Amino acid sequence: MSRTRSLILALTFLLALPLWAEDDDSRFEVKYGKNFTFSGGRVSIDHAFGDLVIRTHNSNQVQVRATIRSSDEEFGKEIHIIASDGPTGVSIKTEMPSGRNIRSGRHSYSVDMTVTMPANAPLLAKNRFGGTEVRGLQTASTIENKQGSISFVDGRGNHSLSNSFGSIEARDNRGDLTISNTNGSISVRKVEGAVTANNRFGSVSVADISRGATISNTNGSVEALDIGGALKASNAFGSITASTIGGGADVTNTNARVELSNVTGSASVKNSFGSVVVKTVSGNLSVDGSNSKVDADAITGNVTVDTGFGGVTLRNIGGSARVTSNNGSIKVTDIGGALNAQTQFGSIRAERVKGSAEVKSSNGSVTLNDTGADVKVRASFGSVFVDGVGGGVNVVNANGAISVKGLRAACHPISLRTTFSSIKVELPPSVGYAVNARTSFGRVHSDVPILTTGITEEAMVGTIGKGGCKLELANQNGNITIESE
């Protein structure tokens, strides 16, 4: 049977359960009450078809109170609560009628139960077709529910909560929480410990966790806020939003957006068919995307981005940046180290790079402004513009223009090559160059005085000033122009 069909059948069964009618003259109701002395072991509860409320006190007594209701008296009398105590603890079980009556669905019925137990007693509680509310447990417990919500409040110790077809809400626990759900939301708040949460077909939201959080989900959003330790989160077909992470962050998603901010430590993000936005990371950042647009700002360490069919924007990077994109543009600003960028079918634009810049582009323009060290460009079918360089310049282009200016007043080699377009370079006035400029089906022109050793319309060889720095310009089917700043 498929998952979808199973889900429909389960929901249909829930809706088919008869509801209690307040004006039913044949209403049957009976109260149940019993006390036990807890002398060790654990408290075990197996309940069904009604709400289960668990409270704690400082006594060693286990108090069981329940109300049994039915639209039919004979049917109601067949509902029993079996409770006992012994060396292994206290056991409480709700027994429902079996056979034709319960299968026929001719009666409405419910059993609402409240258990008050010692706060330091271990608990195993199960419930079906009803909500479960737990408050004040001070030691380890396991809470299992089906077709109803779970509320867990004011606990201490490590606890496990699981549910299906209902929400889980947990808050104010001093210890670790392990939570599993299907077809319902998970909400966790104020945990002095670590949280592990797994879900399907429902949202997951965790906040104010003193230690780390591990979250896995599908078909629902994930939110993680104020995590004191590391975060590991994975999702599919739902967004991931995480902020204020006290350790590193490891995030994986598919088919939805990722937003990550304020990470104390390094961050790693993998995504496909969804955008990635990262802000303020104290360590390094690694992004592996497929068909994902990437935007990162205020990263203290190094940044590595590899994506396909998506643009990349980087700002305020403290270390080096390495970016690879297919079919997307790259824009970077304020890079504290070196830049290595490569794209196809997209432009590259970089401003204020303190280190060197090595970029490759095809079918898109390249613009580099204010680079602190050497520049190396490989491009085709797009223009290359370089303005402000603290080192040497090496540009190889095809079917695109080259323009270089803003060279620092120091001796650095310059090599520019292109085809089917123009080359233009502006030289600082106080630097000498050894010039070798050649073209075909074009002309070479210099506004700067050159002591030539050979000159034609298509070639110029000689020195500017005292020479020394290499200036090589090569073109095919285009002009070469040398100017002074």
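Here is a short tour of this predicted model, going from the whole chain down to one residue.

**Whole chain.** Start with the protein chain in cartoon view and colour by secondary structure: you should find three helices and 47 strands. Next, look at the overall dimensions. The radius of gyration is 36 Å, well over the 23 Å that the globule rule gives for 485 residues, so the chain is more spread out than a compact globule. Turn the C-alpha trace along its principal axes and you'll see spans of about 115 × 45 × 35 Å.

**Surface and inside.** Switch on the surface. About 21,200 Å² of the protein chain is exposed, and carbon and sulfur atoms supply 47% of that. As for the inside, 48% of the 485 residues count as buried. Now colour by charge: there are 47 positive and 43 negative charges, and the mean positions of the two sets sit 4 Å apart. If you like contact maps, take the pairs at least 6 apart in sequence: 27% of those contacts join residues at least 24 apart.

**Zoom to Ala-321.** Select residues 321-326, which make up strand E30, and pick out Ala-321 there. Is Ala-321 buried or exposed? Its relative accessible area is 4%, under the 20% cut-off, so Ala-321 counts as buried. To see what surrounds Ala-321, leave aside its neighbours within four places in sequence and show its contacts: Val-303, Leu-314, Ile-335, Ala-338, Leu-339 and Asn-340.

**Last stop.** Draw a distance from the C-alpha of Ala-321 to the C-alpha of Val-435; the two residues are 114 apart along the chain, and the distance should read 34 Å.

How values were computed: Residues are numbered from 1 along each chain as its sequence is written. This is a predicted model: local features need pLDDT of at least 70, side-chain atom pairs count only at pLDDT 80 or more; totals for chains, interfaces and linings use all residues. Side-chain values use heavy atoms; hydrogens and water are left out. Helices (H or I, at least four residues) and strands (E, at least two) are DSSP runs, numbered from the N terminus. The radius of gyration is taken over C-alpha atoms; the globule rule is 2.2 Å times the number of residues to the power 0.38. Buried means under 20% relative accessible area, exposed over 50%, partly exposed in between (1.4 Å probe, protein chains only). Contact means heavy atoms within 4.5 Å. Accessible areas come from the Shrake-Rupley method with a 1.4 Å probe; for residues, only the protein chains shown count as cover. Lys and Arg count as positive and Asp and Glu as negative; His and the chain ends are not counted. The place of a charge is taken as NZ of Lys, CZ of Arg, CG of Asp or CD of Glu.
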